[in-house]
Amino acid sequence: MSSADPRTHGADAPFDPSAEAARATAAILHDTLHGEARGVVVDSPPGAGKSTLVVNAARELAAAGRPLMVVAQTNAQVDDLVLRLAEKEPDLPVGRLHSSDADPYDKALDDLEHVRKSTKASDLAGLDVVISTAAKWAHVSGVEPWRHAIVDEAYQMRSDALLAVAGLFERALFVGDPGQLDPFAIVGSEQWAGLSYDPSASAVSTLLAHNPSLPQHRLPVSWRLPASAAPLVSDAFYPYTRFRSGTGHGDRSLSFGVPSDGGGPDRVLDEAAASGWGLLELPARHTPRTDPEAVRAVAAVVRRLLDRGGATVSERSPDPVPLTADRIAVGTAHRDQAAAVRAALAELAVSGVTVDTANRLQGREYDVTVVLHPLSGRPDATAFHLETGRLCVLASRHRHACIVVARAGIADLLDDHPSTEPVQLGVTVKFPDGWEANHAVLSHLSEHRVPWQP
Amino acid sequence: MSLIHTLARLEAVESGRAQPLAMVRHRHLAARPLVFVPLTTAGEAGAPLGALVGSDRERPRLLVVPQPRDRDLRFAFLADLAEEVLPYVDSFAEDTEPAEQSKTDPETGKRVKVEVELCADAPQLIVPSRAGVDFVRLLGRSMRFRRTAEQDPDTPYPAPARVPLLGRWLTHFAERARVPGSTLIAAMTELLARHWATGQSSLEDQHLGALLAWIDPPGGDAGAEAARRAETARDAGGQLLCPPAGPATDPAFDNKLLAPAIERYDRARTALAAADDGPSADHRLAELTAAEREIGALVESRTRPTWDAVWHGLDLLNDLPEGERAAERWTRDRWSYTGHRDRVLAGEPPQPRRDDAVTAANKLAARETAQARLEAQEALDDPLVMAARRLSGEAFAGEVTEVVMAYSESKRPSPRPLVTLRTDDGPHLAERAKVYRSLAGKPQSAQFVGYDEEGGVVLRIMDKMGRGKEPDEGSVPEKGDQVTWTLFEHAPRGGPSLPEPEDTPWTHGGPPGTGAEAPDPVTSEDTL
């Protein structure tokens, strides 16, 4: 374990992230192409090259002459995969199965010569790779099963969605990030808790409950997270399956052309530029969900981020790259908070910055993220706000720095609200629980705290 | 909790009266419901102590188990309960109307319409609280696998004839209770809390007496004071004036009244068994009967206030006009009732202990659709509910300020008029978001185009305008019209069809085992 433990980095033999990642990928592809098992499961931490793996596996399977279906969870993910596949291998015949709604797929697909699009699976029969969403695949019937499937974001797929599509393939590669948000149901599903096929559980937990001997792999290197973030995210959210960053401490930097004006937003920006993390702490107070002060503070940080002429240096290019609005994201827990932040940004004449909830930021990547802490200003800590995956998503979208805006007193709030979810027999307990993960992140953030009274 | 709900609670605190959360009744109430007020024995899961049951508010049937640990007495209670419940449930089975159902033709594999029967009405069970629904589920579970002497002559403890059937029906009711918006069985506290906001927490709202005290305080008292009295006031003997709605009983009642009464009953029974001559047996039998009557009176004294409270709640709810779309949901309950009636008639085995993978997934999908449908229908039926959706950015209302005719870019251009709406609401409209409005009960959809210079919302109407080049009369809003658009669908579609249970894939453990389940094995606890 010692060489894989990021905390001992530097003490052991030099760690070559590319070689480690290549070794893991080779083992995954070997099991997928030549293994005996009907399924292969791959756990991928944030930014570990999951999409690259899916594209590579798809190409290898196609090259081996195995008809392949790919199941992704959203249309955006499907279109993204098609574009990546076409970029890597323009001649590969790919089918994009889509719904009959208006604008069912990205118009960019129309420019790709070897991509055929249809609402009917039968039109796409015989193509090397057919890609669609789980929801669309679920309506496909009366076709010859595919010999192989790749299920992307399998941890975000619900067990019942897998049930609807599993009859379409013989074997499958399941890829996903166990640390992100679990799928959920809008009605109670306690009556099935503990059953191996609980329809509201994740597809992977059902799959492994019924097929415990399936080979499981994990990708060991996060290419997205900087050296300042990987150890924290790994410790807090993946304590038993650690990973490390693909870049070292000196490889990336964030700097500003305009010096600090001494205000809270500027000070937290400098802290984040130097250390990769910043906590802008407002005075403790119970507030409505759309806390106007906190929302304005988030907007102010973003405004200053753009005004101060940020520039990033990374392994991707030797010269500094200007930090533009499209490389910045704001993450919140609730949709009304996102709407409030959007309105506040519009007031400050900021446009082009992504503002969304954790659910919608899953799988996305930015240079700098500004996060409104899910527990900020709350009088209570509910299971929703404590969910491990929510904080994990918010804290792992950035390549350079993450700035958290929060009211003081979250640590006390956590101590006042230990997890009280009923224990269900037969349900695998998830570690770490959200309470613990929140504390871990908070104690790290407190070292980068900038108190501010707006 | 929506902003409107929070406001209503604050207003309730300030005014001392519950505030309406709805302008119509969002649940169908049957003309002749069966009210069931059960009590359970402390410390004995699933051991009923007694119940009031019936559909005539003046004449409830009192059922009592004088010694709840005695399985024979428990069976007698369940047999009596079956006598009350099953004739009521069956009374809806005969009156049917023809209906259509789409089924998969086994030969062609196509979906075809089949003529079937649909019961014209369905039974409705009303219990005081959510715990009552759980108790119904528990009773159902404890009975449906029992075997009668007729089914299995060798069974050591045969159940009375109709008890397993009652178990199947109670299981069906309790399972149906998990479907959002269904009222085949309903808990009075939940019905009331849906329609009124009190000045207490939702946990406190589970106390039927306290909840009613807020909604309709006796003597015009302040709600908070009346609710406190309902929760805590005791008589000189230390007994609650407003007993809990059950099925759990107040410990003071258990300790001071019930336990001594049961003890007297036990002594009288032992004495009767030991009686060796006629006259003394007569005397002891009279003592036993008296002891039994005493327990009956105790049970009635705890259930009768709840019984009256449930009917009081029904009166309050019946004063509200029924929401337009509640009938549609009741029709689904009628389908559910008809379906179970048919399964019983066809001699199918009782519901399994656990759902298989496909059944569980189907149920979850059906309930999620029902939840989405319920939320949409309540908003469409009730401006107060719609106001909450508007406040949360999920709907918007306003006046049409401009209508510009436009056409789609296809070979046969269809009308796609652009409608501008002036609204004070703040909808969370994403780029090209789909919005819906109700047009003669049918949803018409439009696409969000953008905002004009004055902040008006510009929409492109997409459908329900007929087949011609010009839109049908009345299918496009006109300048000056007040229109409400929603971001949510009005009639959410169900999920995809799943494989048959026997085709369960390898990822979900393959096909489940077949055959009816064995009855529960007898354990030592069954023969205490």
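How closely do the axes of helix H1 and helix H2 of chain A come, and at what angle do they cross?

**Entry one, the helix pair.** I began with this question, keeping in mind that the model is predicted. I looked up helix H1 (residues 17-34) and helix H2 (residues 50-63) of chain A, and found that their axes come within 11 Å and cross at roughly 40°. That angle makes H1(A) oblique to H2(A), because only angles under 35 degrees would count as roughly parallel. I also noted the hand of the crossing of H1(A) and H2(A), which is right-handed.

**Entry two, the residues in contact.** I then listed the residues through which the two helices meet: H1(A) brings Thr25(A), Ile28(A), Leu29(A), Thr32(A) and Leu33(A), while H2(A) brings Leu53(A), Asn56(A), Ala57(A), Glu60(A) and Leu61(A). Sorted by class, this contact of H1(A) with H2(A) has six nonpolar, three polar and one charged residues.

**Entry three, a sheet.** Next I turned to an open sheet of three strands in chain A, whose order is S11-S13-S14 and whose pairing is antiparallel. Strand S11 (253-256) and strand S14 (317-322) of chain A each have a single partner strand and stand at the edges, so one side of each has no neighbour in the sheet. I recorded that neighbouring strands of this sheet are turned by 20° against each other on average, direction ignored.

**Entry four, one strand pair.** Last, I followed strand S13 (residues 310-314) of chain A to S14(A), and found the two running antiparallel and joined by three bridges. For Ala311(A), I wrote down Pro322(A) as the bridge partner in S14(A).

Technical notes: Residues numbered from 1 in each chain as written. Chains lettered and ligands numbered in written order. Predicted model: local features only at pLDDT ≥ 70, side-chain atom pairs only at ≥ 80, totals over all residues. Pairing = 2+ DSSP bridges. Axes fitted to C-alpha atoms, helices over the stretch in contact; angles between N-to-C directions. Parallel < 35°, antiparallel > 145°, perpendicular 65-115°, else oblique. Left-handed = near helix turned anticlockwise from the far one by under 90°. Contact = placed C-beta atoms within 7 Å. Nonpolar A, V, L, I, M, F, W, Y, C, P; charged D, E, K, R; others polar.
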